[in-house]
Amino acid sequence: MASQICYAQSATPGATLLKPIVITAPREEDSFSSRTKLESLPGGTSYIAAEEMPGAANLTASKAFFGTPGLIVQDFFGGNDQPRIQIRGSGLQQNPVERGILVLQNGLPINRADGSYIVGFINPRQAEAIEVYRGYMANRLSANVLGGALNFISPSGITSPNTRMMISGGSFGQLNLSGQAGATSGDFDGLIQADFNRRDGYRDYNDSRRFSVSGNAGWHLSEDVTTRLFASYTDLGFDVAGPLSKDQLKSSPRSVSAGPVVTPAGAIYPGPNVIRDQPERTASQFLVGSRTTLQFDKHILDLALGFTHTDDTFRFPVSSGIRETRGSDLTGVIRYTIESTDKNALPIFESAAYYTAGWADRKNYLNRSGTKGEHFGSNKLDATTLSLHANLNIPIHRNLTLTPAISYSRATRDNKDIYDSPTRPTLAYRPNDPTQLLPAGAVPYDSTRYKRSFDSWNPSLAMTFRPVAGQTLFTAISRSFEPPTHDDLLATVNGTPNSSAGRPNPANSALPAAVFVTPDLKAQTAMTLEGGWRGNHGILTWDAVAYYAWIDNELLSLRDESGVSLGSVNADKTTHLGIELGLKAQLTEHLLARIAYTYQDFRFDNDPVRNNNRLAGAPPHFIQTQLQARIIGNLVMQAAVKWVPARIPVDNMNTLYVDPYAILDLRAEYRFNRNFTVFGETTNLFNKTYASSSLVVDQARSDQAVFLPGDGRAFFAGIKATF
């Protein structure tokens, strides 16, 4: 390949304008590239290049992050819907997960201003690389989360000056189409890409689809100034197939729950009535932004501006109703860096200022057998976040660097209740005949208005030792901070699987009960001690990090024994202990092995109700292995195993568990020539029946519908063309 200059849109301060990288075959990493810089930081980080992601027919988040230590993805419904992504446990207990990670696209957030995000907007297919920042590493991006940050780097006309197309499909009605075209002309480059996928799904009520188009254009205005414009649009929709009880999971994993069954001894199988309520989510997001980088000698200034507009309609089961949210967010980022005179050292000084403001209109409606019912809530939601960060990288001895840092964050959450009726309507179905409506009801209006603010100073101190080139040892102590989102602060409550919010007794339409709860939550904070060793030697490459976090006021989103929301609360004290280990070995010229192991021990700390129980939803052990072999010529075969060897608690009382499981996938790819490649994939080869995830509840019942089935055996194939 001809030599080119690559400008990676890294989220690392000062990395948007990189020194030239000469690309040959094979690619050399001798420059201080985005990957090298990320791996030199004193904390948990990973860099995932597109060529390291599996050649899957549908590149979901769980497949793209396969083999990344410390990053846990638990599939919900198998498609591009709402998998639970968690780093170090932040946001673990939300259903759906909408908090705990800052998600960036080319350094600009897809998160709303209050920190919430829609995980289905994540599209690894359109990324040439993904940066992973775990724990306090996200502070340098001015993030207000405990978990970390993900930055999806788009290809450009410089890095991909060609045309690419792919078509694939297979089991469960899966169809994927994607295309990309890039070009350069003098100091200008541009790229556009589009991606469409749909599937009928493994289960009876499991359709999903996503369309995404994005583009960017860059100008090299002078030797010292570059600018790049970005735009993207994503339209997402999926059925929420819902959970099953353990008995239903084992006997009929493709089915969906029809709600509690009334018997002479009482109701059994508590859970949502998916057949009647038809829960689903449809959402779209438009993002436009720019990044301009100025470099003068060792001084680098990066200016970014972004705007997003998000439409989100979530049809929950009847207990929560239908939630419509439409809003916009404006973000500005300034990053300033002073580079070191040593090209292989971290910058002398790094700083960032981040400000985002968002506003949204939210309306709530009753779910009347899958259709929009009466209006019962209207709110105007505003949020702002200001974050400042600065750090030094001080050489105190040969190959030894001290990194003191300080961050400041201030967040506001304002809610104006503009509902204009003296009562809020309710509805309910007969528990013993859940298709028949009971008489309509109403409860008195109670304002949900609130105005909250949160702020925190977050210092950290780290030390890095690089004994030889390519190896980094570090230790760090840090403080992190995460305020609640509007979804934490405003929740529907007092519903049942057969009645709407505000009606805890379906038969009693006049029983006074709150429809919404607005808890006076505190921001969660953490002190974390961690250490690690990254490097390579001979055939081995490794990444090992251990951490222990003391967390105050951890945000928990609680649900009752029927799966209905109880709202969010602050736990008093919790502890998070973890090990994140990745190992890669080039066993022979044609044989590559990888393993990622994540250990998690997240516990309450002498809680008056939950004692020292494990926090629900976190796999204690999460193992992913991969063996790749180049058999003959251009034929590559790959075997991948995901193994969860220990039970996962479903509830915080630790009475119900997800059973251990192991899944084997096989893939093969054959490259005919430089233009055409075909590939095939078999997932869940042994057709294992298992729960890929679960709802997270506070106190579970043994017959409760909380288990989310993983896909059964499936076959896929496709073809890729490059010109």
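Q248 is a partly exposed residue, with a relative accessible area of 21%, and offers a convenient way into this predicted model. The residue belongs to helix α3, which covers residues 246-251. Once residues up to four places away in sequence are set aside, Q248 touches P253 and Y269. The second of these partners, Y269, is 21 residues from Q248 in sequence, and the two C-alpha atoms are 9.2 Å apart in space.

From this local view we can step back to the chain as a whole. Its secondary structure comes to five helices and 44 strands. The C-alpha trace spans about 75 × 55 × 50 Å along its principal axes. For 723 residues, a compact globule would be expected to have a radius of gyration near 27 Å, and the 25 Å found for the chain agrees with that. Of the 723 residues, 60% count as buried. Contacts that link distant stretches of sequence are well represented: among those between residues at least 6 apart, 66% join residues at least 24 apart.

Strand pairing can be followed in some detail. Strands of a sheet pair through backbone hydrogen bonds, in either a parallel or an antiparallel sense. One open sheet is made of five strands in the order β1-β6-β7-β4-β5, and its pairing is mixed. The edges are taken by β1 (45-49) and β5 (108-109); each has a single partner strand, so one side of each is left without a neighbour in the sheet. Strand β4, residues 101-105, runs antiparallel to β5 and is joined to it by two bridges. In this pairing, L104 has P109 of β5 as its bridge partner.

A further set of pairings centres on β15. This strand pairs with β12 (residues 225-239) in the antiparallel sense over 15 bridges, and G237 has T282 of β15 as its bridge partner. β15 also pairs with β16 (residues 299-315), again in the antiparallel sense, over 17 bridges. Here R291 is matched with A304 of β16. The hairpin of β15 and β16 has two residues between the strands, and in it D297 takes a positive phi near 55 degrees.

Positive phi values deserve a short look of their own. Most residues other than glycine have a negative phi. Q278, which is not a glycine, has a positive phi near 50 degrees. This residue lies in the loop between α4 (274-277) and β15 (280-296), and at 31% relative accessibility Q278 counts as partly exposed. N553 is another non-glycine residue with a positive phi, in this case near 60 degrees. The loop that holds N553 runs between β31 (540-552) and β32 (555-559). With a relative accessible area of 18%, N553 is buried.

Turning to side chains, T325 gives an example of a buried polar residue in a strand. T325 lies in β17, residues 322-338, and has a relative accessible area of 6%, which places it among buried residues. Its side chain makes a polar contact of 2.9 Å with the side chain of R362. Leaving aside neighbours within four places in sequence, T325 is in contact with R112, T310, D311, D312, A360, D361 and R362.

Aromatic rings complete the picture. A search of the whole structure finds 14 aromatic pairs. In one of them, the ring centres of F188 and W219 are 5.4 Å apart and the planes meet at 55 degrees, so the pair is tilted. F188 belongs to strand β10 (residues 188-199) and W219 to strand β11 (residues 208-220), so the pair ties together parts that are 31 residues apart in sequence. Both partners are partly exposed: F188 has a relative accessibility of 36%, and W219 has a relative accessible area of 33%.

Rings also meet charged groups in this model. The charged end of R88 sits over the ring of Y547, at 4.3 Å from the ring centre. A second example is provided by R276, whose charged end sits over the ring of Y429, 4.1 Å from its centre.

Key. Residues are numbered from 1 along each chain as its sequence is written. This is a predicted model: local features need pLDDT of at least 70, side-chain atom pairs count only at pLDDT 80 or more; totals for chains, interfaces and linings use all residues. Side-chain values use heavy atoms; hydrogens and water are left out. Rings of Phe, Tyr and Trp (its six-membered ring) pair if their centres lie within 6.5 Å; planes under 30 degrees apart count as stacked, over 60 as edge-to-face and the rest as tilted. Helices (H or I, at least four residues) and strands (E, at least two) are DSSP runs, numbered from the N terminus. Buried means under 20% relative accessible area, exposed over 50%, partly exposed in between (1.4 Å probe, protein chains only). A charge sits over a ring if NZ of Lys or CZ of Arg is within 6 Å of the ring centre and within 35 degrees of the ring normal. Two strands pair if DSSP finds at least two bridges between them. A polar contact is a pair of N or O atoms within 3.5 Å; within protein, one must be able to donate a hydrogen and the other to accept it, and residues adjacent in sequence count only if both atoms are side-chain atoms. Contact means heavy atoms within 4.5 Å. The radius of gyration is taken over C-alpha atoms; the globule rule is 2.2 Å times the number of residues to the power 0.38.
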